[in-house]
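Student: Please take me through this structure by asking of each label why it applies. I would like every value to be set against the cut-off that decides it.

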Amino acid sequence: MGESPEQILGSRREQWNQNGYIHIRKALSAADVERALAGVDFAVRQQELVRTAHISYRNDQDHSVRVRNAAAASPALLDLVDHPGVLPTLVDLLGPDLHVLGSEAFVREGGAAPLEEWHTDGGASLMGIVLDPASRALQLKVQYFLTDVGRPDSGNFTVIPGSHRLRPERLDDDCHLPEPNSYWRRGEMPPNAVQVLAEPGDAVVFPYNLWHAVAPNTRGLTRRSVIIRYGHLWCRPLDFHRMPADVVAAMSERQRLMFGELGDEAHPTDFYKLVMR
């Protein structure tokens, strides 16, 4: 007999508390991966429609393309926000009022240097918040891997397990972490750092304050992934103010709730409705 859903969630909570991230293998089926890959390619082609002239919406570096608010660009990416392979874990960690705060599609090419420096998410304010282990999560992300990063130095998501329990000495808006980045700049891995080895369809759930980076990509392969950011319904979205009306019209009831589309006559208690129904 396999593990029960309760046992699976319990095991994932242990990973979350101890390591600060959960690696969910085969969260997406092969068909899901193919559909999401097509969605990413479409979003990249249409990215001028889903970003603004603000500098944060431009391509990060020559080796990477980032599409913000990617869920608005493709139904295939919108469907990832409440995918059944991950949603029960999100509700278990955040609670019933989880809210989509942003979505990004990434296409990362090769590079001998690290593709992203060590950082946390959410600016100086969140950088300084370390939660009690018994607390609900405050904000978290899910990264869906759509291409093979099963070997090191494939542009892997890289983490320091347990770092979500550390408060950085320096808090600043760019969230960069000088100590691990000093190793990065010497071409070394920081102590205890781990490159996450993932197959297409795997997902990694991690909180805003986990110390993380992106390793070099020396394998000559293009890495594609999608990140969805979640918080609570009382949190302000980061990648959008309101989703486009045509995208909202295509959403399921649950997706509308997760994007805060509660209508013009919403009652305060509507912000605490269950999404698992």
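**Labels and their cut-offs**

Student: What makes His119 count as buried?
Tutor: His119 has a relative accessibility of 13%, and buried means under 20% relative accessible area, with exposed over 50% and partly exposed in between (1.4 Å probe, protein chains only), so His119 falls in the buried class. The model is predicted, and local features need pLDDT of at least 70 while side-chain atom pairs count only at pLDDT 80 or more, although totals for chains, interfaces and linings use all residues. Residues are numbered from 1 along each chain as its sequence is written, and side-chain values use heavy atoms, with hydrogens and water left out.

Student: Where is His119 found, and what does His119 touch?
Tutor: His119 is found in strand S4, residues 116-119; helices (H or I, at least four residues) and strands (E, at least two) are DSSP runs, numbered from the N terminus. Not counting residues up to four places away in sequence, His119 touches Cys175, His176, Leu177, Leu210, Trp211 and His212, where contact means heavy atoms within 4.5 Å. A polar atom of the His119 side chain also lies 2.7 Å from the backbone oxygen of Glu117.

Student: Why is Cys175, one of those residues touched by His119, in no disulfide?
Tutor: The structure holds zero disulfides. A disulfide is a pair of cysteine sulfur atoms within 2.5 Å, whereas the cysteine sulfur nearest to that of Cys175 belongs to Cys235 and is 15 Å away, so the definition is not met. Cys235 is likewise in no disulfide, with the sulfur of Cys175 as its nearest at 15 Å. Cys175 has 3% relative accessibility and Cys235 has a relative accessible area of 9%, so each of these cysteines counts as buried.

Student: What places His99 in the buried class, and which residues are in contact with His99?
Tutor: The relative accessible area of His99 is 4%, so the buried label holds. His99 has its place in strand S3, residues 98-108, and, leaving aside neighbours within four places in sequence, its contacts include Arg229, Tyr230, Cys235 and Met258. The side chain of His99 reaches the backbone oxygen of Met258 at 2.7 Å.

Student: Why is Thr222 called partly exposed?
Tutor: The relative accessible area of Thr222 is 26%, which is neither under 20% nor over 50%, so Thr222 belongs to the class in between. Thr222 is found in the loop between strand S9 (212-214) and strand S10 (223-232).

Student: What makes the pairing of Thr222 and Glu109 a polar contact?
Tutor: A polar contact is a pair of N or O atoms within 3.5 Å, and within protein one must be able to donate a hydrogen and the other to accept it, while residues adjacent in sequence count only if both atoms are side-chain atoms. The side chains of Thr222 and Glu109 are joined at 2.7 Å, so the distance condition is satisfied. Val107, Arg108 and Thr147 are also among the residues in contact with Thr222.

Student: Why is strand S5 described as largely enclosed?
Tutor: Six of the six residues of S5 (residues 140-145) are buried, so the rest of the structure largely encloses this strand. In a regular strand the side chains alternate between the two faces of the sheet. In S5, Leu140, Val142 and Tyr144 are buried on one side, and Lys141, Gln143 and Phe145 are buried on the other.

Student: How do you know that S5 pairs with S8 and with S10?
Tutor: Two strands pair if DSSP finds at least two bridges between them; five bridges join S5 to S8 (residues 203-207) and six join S5 to S10, so both pairings pass. S5 runs antiparallel to S8, with Lys141 opposite Phe206, and S5 is also antiparallel to S10, where Ser225 is the bridge partner of Phe145.

Student: What makes the aromatic pair of Phe157 and Phe206 tilted?
Tutor: The structure holds three aromatic pairs. For Phe157 and Phe206 the ring centres are 4.7 Å apart and the planes stand at 40°. Rings of Phe, Tyr and Trp (its six-membered ring) pair if their centres lie within 6.5 Å, with planes under 30 degrees apart counted as stacked, over 60 as edge-to-face and the rest as tilted, so this pair is tilted. Phe157 lies in strand S6 (residues 157-159) and Phe206 in S8, so the pair ties together parts 49 residues apart in sequence. Phe157 and Phe206 are both buried.
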